[in-house]
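Please read this note alongside the sequence and the model. It is written for a colleague who has not looked at this structure before.

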Amino acid sequence: DLSHDIILYLEGITVSFDGFRALNNLSLYVEAGELRCIIGPNGAGKTTMMDVITGKTRPDLGSAWFGQTVDLLTLTEPEIAEVGIGRKFQKPTVFSEHSVFENLELAMAGNKSVWRMLFAKMTPEQHLRIDEVLETIGLKDHRAARAGSLSHGQKQWLEIGMLLMQDPALLLVDEPVAGMTPQETERTAELLVSLAGKHSVVVVEHDMNFVRSIARTVTVLHQGSVLAEGSMEQVQNDPKVIEVYLGD
Ligand code: ADP
């Protein structure tokens, strides 16, 4: 039984907005530890799919499971974050006036317990965890820097680090390299690749070179359904995919 290795099941998901089907019988399966890229033209349904996974949008039809036991369609948005699904939106939202270290500290406490965090002393384990994440995101030397003073790329990494403080099993990342320099893009590729295995990572991205550099499996969405799935090589030679992108 291979199904126990699947961390995310979406089956037959349909979402309608005033009769328009943003998602149309979408099925997607992501394996534990996988780094999956989702591509597709504007309006394909990528954002709506992420919204369904995180509970922001409820489908009209279909099922969505996290692992074997968690029915995502019964949970609220905060509950979904709590069970281990982290989402990074395109725009970084860090606490500009706080240091990099404090941002990670705040993220560890979670929004609810900011006050508790401010008055509590961190345990050595918590301190170690922040050091670990600083290392992972490459901001060790910037721990004391004001988050507002970081470059665009560094802010994005910090925000990924903030998500990591909750140790999510599944990380959803929306257009991570938009606006990044080539060097930042390369570093982001290394970062996301290094997270896979320990976490499952789903990335929505338009930059095809970036997708090529990180993904083993690429899913192409079109008109709310999966048009093609496979290696970058396979999908980019798929006549259906070529037609959709040439027509875009
Ligand atoms: P993508 O992220 O792939 O560009 P989206 O998921 O944002 O695609 O959108 C899919 C389709 O659903 C688009 O045609 C979009 O206009 C439509 N859509 C998305 N959200 C809404 C909404 N809240 N109300 C009406 N239409 C929406």
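The points below go from the whole chain to its sheets, then to one residue and the ligand.

1. Status of the model. This is a predicted model, and the remarks that follow should be read with that in mind.

2. Overall make-up. The protein chain holds 10 helices and 10 strands. Its radius of gyration is 18 Å, close to the 18 Å that the globule rule gives for 248 residues, so the chain is as compact as a globular protein of that length. The C-alpha trace spans about 55 × 40 × 40 Å along its principal axes.

3. Burial and contacts. Of the 248 residues in the protein chain, 37% are buried. Among contacts with a separation of 6 or more, 65% are between residues 24 or more positions apart.

4. The sheet of 4 strands. One open sheet has 4 strands in the order β2-β1-β4-β5, and the pairing is antiparallel. At its edges stand β2 (20-31) and β5 (70-71), each with a single partner strand, so one side of each has no neighbour in the sheet.

5. The β1 and β2 hairpin. Strands β1 and β2 pair in the antiparallel sense over 8 bridges. One of the pairs is F17 with F20, the latter in β2. There are 2 residues between the strands of this hairpin, and D18 takes a positive phi near 50 degrees.

6. The β1 and β4 pairing. Strand β1 (residues 6-17) is also joined to strand β4 (residues 61-66), by 5 bridges, and the two run antiparallel. Three pairs can be followed along the strands. L8 stands opposite F66 in β4, L10 has A64 as its bridge partner, and E11 has S63.

7. The β4 and β5 hairpin. The sheet continues from β4 to β5, which pair in the antiparallel sense over 2 bridges. F66, already met opposite L8, also stands opposite V70 in β5. This hairpin has 3 residues between its strands, and G67 in the turn has a positive phi of about 65 degrees.

8. A helix on this sheet. Which strands does α1 lie across? They are β1, β2 and β4, and α1 runs at about 65 degrees to β2.

9. The sheet of 6 strands. A second open sheet takes the order β6-β7-β8-β3-β9-β10, with mixed pairing. Its edge strands are β6 (85-88) and β10 (225-230), each of which pairs on one side only. From one strand to the next, the twist averages 20 degrees.

10. Detail within the sheet of 6 strands. Strand β9 (residues 217-222) is joined to β10 by 5 bridges, and these strands run antiparallel. L221 stands opposite V226 in β10. Helix α7 (residues 182-195) lies across β3 (35-39), β7 (170-174) and β8 (200-204), and runs at about 145 degrees to β8.

11. D5. This residue is found in the segment before β1. Is D5 buried or partly exposed? D5 counts as partly exposed because it has 13 C-beta neighbours inside 10 Å, while a residue is called buried at 20 or more and exposed at 12 or fewer. Leaving aside residues up to four places away in sequence, D5 touches E31 and A32. D5 and Q68 are 63 residues apart in sequence, yet their C-alpha atoms are 9.0 Å apart in space.

12. The ligand shell. Which residues are around the ligand? They are F17, A22, G40, N42, G43, A44, G45, K46, T47 and T48. By class, the shell divides into 3 nonpolar, 6 polar and 1 charged. Helix α1 (residues 46-53) gives the most to this shell, with 3 residues. F17, listed among the residues around the ligand, is the residue whose bridge partner in β2 is F20. The helix α1 that contributes here is the one that lies across β1, β2 and β4.

Methods: Residues are numbered from 1 along each chain as its sequence is written. This is a predicted model: local features need pLDDT of at least 70, side-chain atom pairs count only at pLDDT 80 or more; totals for chains, interfaces and linings use all residues. A residue is near a molecule or strand if its C-beta atom, placed from the backbone, lies within 6 Å of it. Ala, Val, Leu, Ile, Met, Phe, Trp, Tyr, Cys and Pro count as nonpolar, Asp, Glu, Lys and Arg as charged, and the others, Gly among them, as polar. The radius of gyration is taken over C-alpha atoms; the globule rule is 2.2 Å times the number of residues to the power 0.38. Two residues are in contact if their C-beta atoms, placed from the backbone, lie within 7 Å. Two strands pair if DSSP finds at least two bridges between them. Axes are lines fitted to C-alpha atoms, for helices over the stretch in contact, and angles run from 0 to 180 degrees between N-to-C directions.
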